[in-house]
Amino acid sequence: MRQRSIGTPADPMRVATPDEWQAALFARLAIVGIALYIVLDVIAQALPPHYNLISQAESDLAVGPYGIVMTLNFILRGLLSLAVVVAM
């Protein structure tokens, strides 16, 4: 396996360990996933005309003709939680 230099001011030739690369990968995955989660959440809230953001729970969006969007969003939230745990 090829190792890459991640260099720091104190040690410019430092080589990253596989664990550091895995943590960085999962951290990036979590950041991209959070942006995707927000986009899906906004879409799910905009689709049903009867939904009221103030008086209804977010889980109400999982019921009805557009429920698949919110269901996928809940699954994404669970996967993001796991990615954050692995990254830490």
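**Figure 1. Burial and overall fold of the predicted model.** Of the 88 residues in the protein, 18% are buried. The secondary structure consists of 2 helices and 0 strands. Among contacts with a separation of 6 or more, 38% join residues 24 or more positions apart. The exposed surface of the protein amounts to about 6400 Å², and carbon and sulfur atoms supply 70% of this area.

**Figure 2. The largest nonpolar core.** Five residues are shown: Ala44, Tyr51, Leu61, Val69 and Met70. In soluble globular proteins, nonpolar side chains tend to be buried together. Once neighbours within four places in sequence are set aside, the contacts of valine 69 are with Leu40, Ala44 and Leu47. Ala44 is thus both a member of the core and a contact of valine 69.

**Figure 3. Surroundings of aspartate 41 in helix H1.** Helix H1 spans residues 18-46 and includes aspartate 41. This aspartate is buried, yet it has no salt bridge. Arginine 77, the nearest side chain of opposite charge, lies 5.7 Å away; this aspartate forms no salt bridge with arginine 77 because a salt bridge requires a separation within 4 Å. Apart from neighbours within four places in sequence, aspartate 41 is in contact with Glu58, Met70 and Asn73. One of these contacts, Met70, also belongs to the largest nonpolar core.

**Figure 4. A nonpolar surface patch.** Ile68, Leu72, Ile75, Leu79 and Leu82 together make a patch of about 520 Å². Leucine 72 is located in helix H2, which covers residues 67-87. Leucine 72 counts as partly exposed because its relative accessibility is 47%, a value between the 20% and 50% limits for buried and exposed residues.

How values were computed
Residues numbered from 1 in each chain as written. Predicted model: local features only at pLDDT ≥ 70, side-chain atom pairs only at ≥ 80, totals over all residues. Heavy atoms only, no water. Core = buried A, V, L, I, M, F, W, Y, C linked by side-chain atoms within 4.5 Å. Buried < 20%, exposed > 50% of the residue type's maximum accessible area, 1.4 Å probe, protein only. Contact = heavy atoms within 4.5 Å. Patch = residues over 30% accessible without salt bridge, like charges linked within 9 Å, V, L, I, M, F, W, Y side chains within 5 Å. Areas by Shrake-Rupley, 256 points an atom, 1.4 Å probe, with all protein chains shown as cover. Helix = DSSP H or I, 4+ residues; strand = E, 2+ residues; numbered from the N terminus. Lys, Arg positive; Asp, Glu negative; His and termini not counted.
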